[in-house]
Amino acid sequence: MERTWYGFNILPLFSLGRADSSLVNPGMVHLDEADLDFIADMGCNFVRLPCDYRYFIHDFKYDQYDETMLKVLDRCIYAIVSRGLHCSLNIHRAPGYCINGNELERDNLWTDKIAQDAFTNLWIYFAQRYKSYSPAQLSFDLLNEPPHVGQYGLTRENHKAIMARVTSEIRKISPERPVICDGLGCGHMACPELLDLNVILSGRGYTPIQMTHYKAEWMIENGSDKWDKPLWPGMEVDGVKWGRETLKDFYKPWKELKDAGAQVHIGECGCYNKVDNKTALAWYEDFFNVCSELGFGWALWNFRGPFGIAEHRREGTRWEVRHGITFDRDLYELFTSCLQS
């Protein structure tokens with residue numbers, strides 16, 4: 001029976017940035033287990049764990065795994081599942097592709113066999129290493145946010161071929177392991193061609209992006225610092241006036257996938273902290289309610305930070321402190337009001 005997942009992304013292994021991967025050590029990784037306790041106490045049942053492969057593979061030596069750092073990953077996964085939370089292990093940066101800083105890769109996942117083999121072999125390794133975890137405890141989210149069709153050589157055909165290959169190899173080891181595939185176009189675009197793989201399909205809750213990523217520093221080149229001040233409802237983008245119904249319309253292709261028998265989950269969502277608090281809460285309320293109506297679970301990016309529920313630093317927030325964690329009481333109430341058993 002399908003279980004709806006609600007929770008957060010946590011980021012101890014999310015990105016090395018431009019650091020030298022050969023200098024990676026366990027001291028670089030910090031997992032705050034108090035955050036996991038808080039998430040479990042909320043009634044959540046899901047944590048997504050995005051990982052940069054360079055924590056485990058250094059200097060493009062794809063056949064050499066760093067056992068010391070893999071033990072760090074072991075501890076992170078155990079910390080999540082030991083609290084009764086489902087852990088979704090995600091490769092955020094893969095050999096040959098990442099949505100952030102793709103130029104740091106030597107190879108191209110979409111066109112180069114060496115990268116495709118390395119990506120497949122890493123998942124085979126994970127499938128073997130974590131075989132003892134049940135399907136209820138652990139899923140594999142294969143690749144964070146593949147690009148748009150035509151970008152970096154991606155096509156719907158080669159994307160499906162790569163995901164099908166990896167899924168097949170995982171299921172040879174763990175036939176019941178839940179496998180998740182993110183949508184194309186940075187996670188936003190539904191992929192009906194993947195229905196026959198019997199995978200969970202993961203979308204994004206960053207719509208419209210001129211609202212959710214207003215003044216986001218890493219999107220300055222896209223003009224985020226010049227976008228109109230967000231308004232919700234009623235924000236107009238490219239001739240479309242956004243509100244609850246247009247948000248629901250945006251997810252129609254994803255609802256069609258669910259109606260066709262797929263489980264759909266929104267693996268990342270949130271509103272950046274440069275949006276004023278009243279507007280952000282109005283967007284969150286409509287977003288959560290639309291997802292609930294459509295039968296989608298979700299995971300905020302992140303728990304503690306500018307998109308999160310704790311310490312996002314948005315002005316005008318009604319703060320509360322619990323077990324040493326300062327969190328947004330109104331956002332907390334919106335989130336928990338939608339949780340289902």
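**Notebook: salt bridges and a helix pair**

I began with R322, which is partly exposed, with a relative accessible area of 24%. I note at the outset that the model is predicted.

**Entry 1. R322 and its partner.** I looked up which residue R322 pairs with, and found a salt bridge to E320. The closest N and O atoms of the two side chains are 3.7 Å apart, which falls within the 4 Å that a salt bridge allows. I then checked E320 and found that E320 is partly exposed, with a relative accessible area of 27%.

**Entry 2. A network.** Next I looked for salt bridges that share partners. Such bridges join R48, D141, E145, D182, R204 and E268 into one network. I also recorded the total: a search of the whole structure finds 35 salt bridges. As a general point, I wrote down that side chains of opposite charge can pair when their charged atoms come close.

**Entry 3. R93 and E105.** I turned to the salt bridge between R93 and E105, where the closest N and O atoms are 2.8 Å apart. Which parts of the chain does this pair tie together? R93 belongs to strand β3 (residues 86-93), while E105 sits in the loop between β3 and α3 (113-129), so the bridge links parts that are 12 residues apart in sequence. I then asked whether R93 is buried or exposed. R93 has a relative accessible area of 3% and is buried. E105, at 9% relative accessibility, also counts as buried, because buried means under 20%.

**Entry 4. K255 and D259.** I examined a salt bridge within a helix. The side chains of K255 and D259 meet at 2.6 Å, N to O. Both residues lie in helix α7 (residues 252-259), and they are four residues apart, about one turn of the helix. K255 counts as partly exposed at 25% relative accessibility, whereas D259 is exposed, with a relative accessible area of 57%.

**Entry 5. Helices α8 and α9.** Last, I looked up how helix α8 (residues 277-294) packs with helix α9 (residues 329-337). Their axes are 10 Å apart, and the angle is about 10 degrees. The two helices are therefore roughly parallel to each other, since angles under 35 degrees count as such. I listed the residues that make the contact: α8 contributes L281, Y284, E285 and F288, and α9 contributes D330, L331, L334 and F335. What kinds of residue form this contact? I recorded six nonpolar, no polar and two charged residues.

How values were computed: Residues are numbered from 1 along each chain as its sequence is written. This is a predicted model: local features need pLDDT of at least 70, side-chain atom pairs count only at pLDDT 80 or more; totals for chains, interfaces and linings use all residues. Side-chain values use heavy atoms; hydrogens and water are left out. Buried means under 20% relative accessible area, exposed over 50%, partly exposed in between (1.4 Å probe, protein chains only). Axes are lines fitted to C-alpha atoms, for helices over the stretch in contact, and angles run from 0 to 180 degrees between N-to-C directions. Angles under 35 degrees count as roughly parallel, over 145 as roughly antiparallel, 65 to 115 as roughly perpendicular and the rest as oblique. Contact means heavy atoms within 4.5 Å. Ala, Val, Leu, Ile, Met, Phe, Trp, Tyr, Cys and Pro count as nonpolar, Asp, Glu, Lys and Arg as charged, and the others, Gly among them, as polar.
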